[in-house]
Amino acid sequence: LVNKMPGDRWQQFANLRLLFAYMYGLPGFKLVFMGGEFAQSAEWDHDGSLDWDLLDQAEHAGMLRLVGDLGGCYAATPALQGDRFRWVIGDDRANSVYAFLRGDEGQQPVLVVINATPVPREGYRVGVPVAGQWQELVNTDAESYGGSGVGNLGGQSTEAKGGHGFEQSLVLNLPPLAVLMLTPADSDQ
């Protein structure tokens, strides 16, 4: 998949991180093909071995770390395991930013925010249903995954300014070609 992504090498890996996090954020079963978990460059060959030596390169090791963390987050976060999905932002074509909520009634929600451009978006307002501190569960642009490290220092507090049909909102720094997953900090996650 990594070689099928557009852009230079950094953008290809960032796009693949975005794709995997988007998949883990959506309802439904998750499937990663052999070698995809570390961005194997060659197509999988059932007569050969996976290219495990690629893990000596930071970008491939970062991808493996991300896919492992996404799986762990999914397993530990009930809101990601159900079928409930609600669009928050689905029409920001000018910025290519999308956001949706996951979680059933009575669960702490998970906010998934996607910046599908290589341009960081600073101070981007997203409406949320719960006031208070929200923590980042996943930031696909984290340096440990091979990203540039743009983010929100692990979390952000809401402001009493409405947005997207909610009375509260977060003002977020959206990393380039990245996905943020956030949940209220008083969550058990």
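This passage walks through a strand pairing, a buried arginine and a loop in a predicted model.

Strand 8 is a handy place to start. This strand spans residues 178-184 and is mostly covered, with seven of its seven residues buried. It pairs with strand 3 in the antiparallel sense, over five bridges. Within that pairing, Leu111 has Leu182 of strand 8 as its bridge partner. Strand 5, made up of residues 133-139, also pairs with strand 8, again antiparallel and over five bridges. Here Val138 is the residue that stands opposite Met181 in strand 8. As background for reading these pairings, side chains in a regular strand alternate between the two faces of the sheet.

Next comes Arg102, which belongs to strand 2 (residues 97-102). Arg102 is buried but makes no salt bridge, and the nearest side chain of opposite charge, that of Asp83, sits 5.8 Å away. A salt bridge would need a side-chain nitrogen within 4 Å of a carboxyl oxygen, so the 5.8 Å to Asp83 does not qualify. What the Arg102 side chain does reach is a backbone atom: the oxygen of Leu26, at 3.2 Å. Setting aside neighbours within four places in sequence, the contacts of Arg102 include Gly25, Leu26 and Pro27, along with a run of residues made up of Ala79, Leu80, Gln81, Gly82, Asp83, Arg84 and Phe85. Pro109 and Val110 are also in contact with Arg102, and strand 3 itself covers residues 110-115.

The other end of strand 3 leads into a loop. Ala116 is found there, between strand 3 and strand 4 (121-128). With a relative accessibility of 37%, Ala116 counts as partly exposed, because that label covers values between the 20% limit for buried and the 50% limit for exposed. Not counting residues up to four places away in sequence, Ala116 touches Leu18, Ser96, Tyr98 and Leu177. Its C-alpha atom is also 8.4 Å from that of Val179, although the two residues are 63 apart along the chain; Val179 falls within the 178-184 range of strand 8.

Val119 lies in the loop between strand 3 and strand 4 as well. Its relative accessible area is 40%, so Val119 is partly exposed too. Val119 and Asn95 are 24 residues apart in sequence, with 8.8 Å between their C-alpha atoms.

Conventions. Residues numbered from 1 in each chain as written. Predicted model: local features only at pLDDT ≥ 70, side-chain atom pairs only at ≥ 80, totals over all residues. Heavy atoms only, no water. Helix = DSSP H or I, 4+ residues; strand = E, 2+ residues; numbered from the N terminus. Buried < 20%, exposed > 50% of the residue type's maximum accessible area, 1.4 Å probe, protein only. Contact = heavy atoms within 4.5 Å. Lys, Arg positive; Asp, Glu negative; His and termini not counted. Polar contact = N/O pair within 3.5 Å; in protein donor to acceptor, adjacent residues only side chain to side chain. Pairing = 2+ DSSP bridges.
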